[in-house]
Amino acid sequence: MFNLFRSRAKSVRYLMGAVLLVIAASMVWFLIPGGGMGGFGGNPNVIATVGKEQITTQDLQRAIQNITRGRSLPNGVLAMYVPSIVEQMIATKAMAYEARRLGMHVTDQELADAIREQFTAALGRKFDMQTYQQILAQQDLTPQEFETEQREAMLAAKLEHVEAQSALVTDQQARAEYKRRNLKIALDYLEFQAKAFVPKVDQAPAKVKAYFDKHRSEFRIPEHRDAALIVGASADFVQGEQIPDSQLKQSYQENLDSYRFPQRVKVRHILIKFNSKSPQDEAKAKAKAETVLQKLQHGGDFAELAKKYSEDPGSASKGGEIGWIVRGQTVKNFENTAFSLNPGQTSGLVQTQYGYHIIQVQAKQQAHTETFAEAKPELLLQAKKQAAADDLQKAIDAARAEITNNPAQAQAIASKHHLKFYTLNDVSSTSTLPQVNGAPAMMSAIFAAKAGGVTQVVSLDTQGKDAFAAVSKVTPAHNAEYQQVQQQVLQGYLAAESAKLAKQAADQAAARARKGESLKAIAKEAHLKVKTAAPFTINGAAEGLGSATLITSAFQDKVGAIVGPVSAQESQFVCQISQKIPADMSKFAASKDSIVQDLTDEQQNVQGPLFRDSVVTYLTQHGKVRIDGDNYKRVLDSYKTS
């Protein structure tokens with residue numbers, strides 16, 4: 001299998017974290033390791049078997065680690081994930097088993113292409129074996145184990161694809177859906193705004209206090225905590241890192257292919273577009289391009305002329321700058337001209353399928369291999385960053401271990417390990433932590449820990465930081481006293497009572513309208529205006545009211561029907577259908593394919609899970625899927641209670 005992956009590329013450790021997340025995400029979905037384990041025969045590590053394949057506690061733990069990467073979650077929360085994770089693992093194995101039984105298989109080449117595509121997408125460059133092996137090693141996987149997982153996952157996907165082909169949409173269904181989507185209605189409506197009724201609310205102190213007594217549980221002082229926050233940044237360790245030249249030279253030699261560069265040119269251009277089917281349009285564009293070229297030949301500034309005349313949206317605002325290009329990156333005429341010019345030279349008019357170009361070469365580089373001396377600054381920077389990240393991890397882990405045993409000395413311990421120390425007093429779960437740029441994961445960890453406890457280390461990858469906290473005090477959430485929240489109570493009372501009055505007025509208006517009274521007459525009496533919403537579709541929005549989902553029933557009613565009251569935007573709306581415009585079926589053909597695809601996707605979203613469930617059920621009934629209830633319960637209970 002390795003022979004399929006012999007292309008090499010530069011190892012980029014600083015990107016490895018992003019790649020690991022991609023791999024982790026795929027393994028949560030396709031987690032199928034564990035071959036070679038014992039059967040159910042009393043093995044406490046086996047949760048389930050599918051055919052001869054096993055799902056072990058180690059598999060489950062790895063899945064949970066991948067899900068919680070960078071987050072600290074209490075076991076009680078994890079216990080809610082465990083059943084769905086196990087179900088997904090069983091379903092994937094079952095689908096792969098059934099696919100094999102039906103004669104499906106995944107070739108080595110298919111597997112190689114899939115893995116190479118996955119890694120290339122994450123790295124943004126060619127697959128290379130060294131990075132591949134490093135990433136899998138950090139996941140405690142051998143290439144053979146990972147490739148087995150991927151093969152199983154691809155088998156399951158093949159069976160799902162076969163099932164998906166059974167989703168059929170008839171012409172009649174497509175036409176009905178087109179009619180539903182493109183039917184338009186228009187509305188006349190009255191809006192009863194809650195705020196307009198605030199002056200009519202009785203604000204007697206006794207009534208406000210009674211509202212508080214009735215809604216006391218809504219006025220709570222949230223839980224607050226005191227904690228020590230310890231933060232480390234890899235940037236603080238970079239300057240102190242000493243990297244020997246021998247290490248840099250070894251990295252350079254191992255990744256020499258990455259330092260070989262093809263011939264390239266740095267260019268900018270001005271593009272004047274034309275319609276290739278219209279000779280008149282082409283002639284007009286050519287005349288315009290020639291005018292711009294003349295301005296350049298008479299000393300005009302290329303960048304300014306590009307900003308003024310170029311019709312390339314990607315480069316015009318940048319003065320026509322495209323940057324470095326290599327052969328094969330642009331269309332042939334553009335490439336041939338660009339590579340034939342010397343730095344500083346400007347072309348004449350160059351015609352391509354996009355229009356007329358004026359090309360200027362700014363710099364040119366012949367094919368070459370970057371020397372070690374040239375590559376050294378980048379190699380040194382990346383090596384220092386990696387060493388700093390390693391030293392940060394050692395420091396933060398050591399500090400956490402010491403503070404766990406001696407929380408009173410947290411500040412001194414943080415200083416000893418070159419970490420920053422912050423005192424957090426009276427923070428709530430909605431507070432922000434400027435010390436770590438917000439970091440909701442850190443706040444979640446603080447509020448998951450017990451008083452006197454130390455959180456797990458939270459990795460803040462985007463900031464290059466790691467952090468943890470020692471929680472010293474917990475003030476539980478409690479109901480507020482009336483005096484503490486009197487202003488909030490008054491606001492809540494006014495909002496609730498004014499909304500009731502608006503609803504009552506809207507109910508009365510709707511009742512009168514349904515008896516035949518006009519909206520205009522009702523509006524005049526209530527000192528309102530009849531507003532209109534221009535025709536809109538069921539997937540659109542009613543002007544002034546909001547999403548059409550608020551009034552979907554209106555699309556089934558007749559012109560003149562009263563709809564509502566509808567509650568939206570702190571108002572009550574009483575609507576009357578003023579117009580219904582049927583779908584224009586002459587345009588159905590142009591939309592048919594997309595509608596069929598949408599309906600097919602909807603069917604597959606419903607049928608896919610049902611199909612997977614049916615495969616699992618069938619194999620269970622035939623003894624091919626077995627769950628060890630005792631082991632499964634023991635694992636689940638361990639998360640509920642620990």
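In the predicted model, Arg 175 forms a salt bridge with Asp 171, the closest N and O atoms of the pair being 2.8 Å apart. Both residues belong to helix H7, which comprises residues 171-182, and because they are four residues apart in that helix, they are separated by about one helical turn. Arg 175 counts as partly exposed, since its relative accessibility is 36%, and Asp 171 is likewise partly exposed, with a relative accessible area of 35%.

Asp 171 also takes part in a salt bridge with Lys 592, in which the side chains meet at 2.9 Å, N to O. Because Asp 171 lies in helix H7 whereas Lys 592 lies in helix H19 (residues 588-621), this pair ties together parts that are 421 residues apart in sequence. Lys 592 is partly exposed, at 29% relative accessibility. A network of salt bridges links Glu 177, Arg 180, Arg 181 and Asp 598.

The structure holds 28 salt bridges, one of which joins the side chains of Lys 93 and Glu 53 with an N to O distance of 3.5 Å. Here Lys 93 is placed in helix H3 (residues 75-101) and Glu 53 in strand S2 (residues 53-56), so that the contact ties together parts lying 40 residues apart in sequence. With regard to solvent accessibility, Lys 93 counts as buried, because its relative accessibility is 2% and the cut-off for burial is under 20%. Glu 53, by contrast, counts as partly exposed at 27% relative accessibility.

Helix H14 was examined for its length, its bend and its packing. The helix contains 34 residues (residues 372-405), and at 1.5 Å a residue it should therefore span 50 Å; the C-alpha atoms at its ends are 48 Å apart, in agreement with that expectation. A kink of about 30° is nevertheless present in H14, centred on Glu 378.

Residues buried in H14 include Phe 372, Ala 375 and Leu 379 in addition to Ala 383, Lys 384, Ala 387 and Ala 388. Further along the helix, Leu 392, Ala 395, Ile 396, Ala 399 and Ile 403 are also buried. The buried residues of H14 pack against two strands and three helices, namely strand S5 (224-233) and strand S14 (465-475), together with helix H9 (235-238), helix H10 (245-254) and helix H15 (410-416).

Terms used
Residues numbered from 1 in each chain as written. Predicted model: local features only at pLDDT ≥ 70, side-chain atom pairs only at ≥ 80, totals over all residues. Heavy atoms only, no water. Expected span 1.5 Å × (residues − 1). Bend = angle between axes of the 7 residues up to and from the residue. Buried < 20%, exposed > 50% of the residue type's maximum accessible area, 1.4 Å probe, protein only. Contact = heavy atoms within 4.5 Å. Salt bridge = Lys/Arg side-chain N within 4 Å of Asp/Glu carboxyl O.
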